[in-house]
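Please look through the sequence and the structure shown below before reading on. The report that follows takes up the spaces in the protein and then the sheet with its helices.

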Amino acid sequence: MNLAIFGAGKIVQEFLDMVKDIPEINLKALLSSERSLDKNKDLIATYNIDGVYTDENEILKLTDVDTVYVALPNHLHYEFSKKALEAGKHVICEKPFTLTLKELEELEAIALEKDLILIEAITNQYFANFAQLKEDLNAVGDLKIIECNYSQYSSRYDAFKEGTILPAFNPKMGGGSLMDINIYNIHLVVGLLGKPNRVEYYANIEREIDTSGILVMEYDQTKVVCIGSKDTSAPIKSTIQGTDGSLIINGPTNTLESYTKIIGKDTEEVIDLKVHPHRMYEEFIAFNRIIKEHDMDTVREKLTHSKIVMEVAEKALEDAGIKLG
């Protein structure tokens, strides 16, 4: 994979710290703002990136770039993914894929027409721990209740309360707790159970954005509660409860470090199959394979998953009266 990176924020720094462990990924270009250009010149030297640019169109003209990783603020995902696809590049886009289902469906149509890879960077769908968790659903009997809690007081919340609206809390930029951290919980549940029958969202709203909220999803026999909070903190864990046992994820659903499998009264086992300490490693190993093999069957499968997640998020926001963008 010959990769251009659109963005230079926190998630890109995380990625760069990891990507050295995947030698098949060649870093060809980094898109920077004018304001951060000097800092990012140091960044490309540190991580052996071929060049830094402030104009995405210059990057898209590079013939040795085959893939673009869109890691910009949420409200820019659609625009820059579309530009990259129209330029004939494969696209890996950070979560949330877009702000609306319609935008995602438009990107999908372009990608499939041009026979290009389009895929969402969502860590938990690629963990070996997630694959085993899905298999272990059968061990807990009839699945009754799932509760996911990702509550982490945001370092930006105090400034937000004082009137400084940073991207994480800006509705025009696709901020809010649902699209930032609760989206990981939605991906986990949809990856396990598919499309829910009903969605409701009970949000704490300040300045037209959700600072925390409780998402309810109903399946035929399973009731799901997903809590995402940026204005409070609590122990971060998820519990999957069945008639014969439970599965307990200790920690956030975007890392899925391990989980405890409890069957009956006497059997308790900690499951940890992760292959690398960095949460982004397994997804980018998968992306490299998908692009190398031009695996469009997997692309279609993952796009179907992402569209269900986007539909859930869209219904939740509508239910709470929140408008993004």
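How many cavities of 30 Å³ or more does a search of the whole structure find? In this model, which is predicted, the search finds 3 of them. The largest cavity holds about 50 Å³ of space, and its lining includes Phe127, Asn129, Thr255, Leu256 and Glu257, together with other residues, among them Lys274, His276, Pro277, His278, Arg279 and Glu282.

Besides the cavities there are pockets, and the largest pocket has a volume of about 1,300 Å³. This pocket is lined by 39 residues, and those that lie nearest its centre are Lys10, Ile11, Arg156, Ala168 and Asp180. Three helices, α1 (10–19), α2 (37–46) and α8, each supply at least two residues of the lining, and the largest share, 4 residues, comes from α8. The table sets out the two linings by class.

| Space | Volume | Nonpolar lining | Polar lining | Charged lining |
|---|---|---|---|---|
| Largest cavity | about 50 Å³ | 3 residues | 4 residues | 4 residues |
| Largest pocket | about 1,300 Å³ | 14 residues | 15 residues | 10 residues |

We now turn to the sheet. It is an open sheet formed by 8 strands, which follow one another in the order β8-β9-β10-β7-β11-β12-β13-β14, and their pairing is mixed. Because β8 (198–206) and β14 (267–271) stand at the edges and have a single partner strand each, one side of each is left without a neighbour in the sheet. On average, and with direction ignored, neighbouring strands of this sheet are turned by 10 degrees against each other. Within the sheet, strand β9 (residues 209–218) and strand β10 (residues 223–229) run antiparallel and are joined by 7 bridges, and Ile214 stands opposite Ile227 in β10.

Which strands does helix α8 lie across? Helix α8 (residues 177–193), which also contributes to the lining of the largest pocket, lies across β7 (143–151), β8, β9, β10, β11 and β12, and it runs at about 155 degrees to β10. Helix α6 (residues 128–136), by contrast, lies across β11 (237–242), β12 (245–250), β13 (259–263) and β14, and runs at about 15 degrees to β13.

Finally, an unreviewed UniProt entry places the feature "domain: GFO/IDH/MocA-like oxidoreductase" at residues 138–247. Over these residues the chain is 20% helix and 40% strand, and the end C-alpha atoms are 11 Å apart.

Methods
Residues numbered from 1 in each chain as written. Predicted model: local features only at pLDDT ≥ 70, side-chain atom pairs only at ≥ 80, totals over all residues. Heavy atoms only, no water. Pairing = 2+ DSSP bridges. Axes fitted to C-alpha atoms, helices over the stretch in contact; angles between N-to-C directions. Contact = heavy atoms within 4.5 Å. UniProt positions renumbered as here; feature names shortened; annotations may be inferred. 1 Å grid on protein atoms, 1.4 Å probe; cavity = no way out; pocket = protein on both sides within 12 Å on 5 of 7 lines; lining within 4 Å. Points joined across faces, edges and corners; volume = space filled by probe spheres on them. Nonpolar A, V, L, I, M, F, W, Y, C, P; charged D, E, K, R; others polar.
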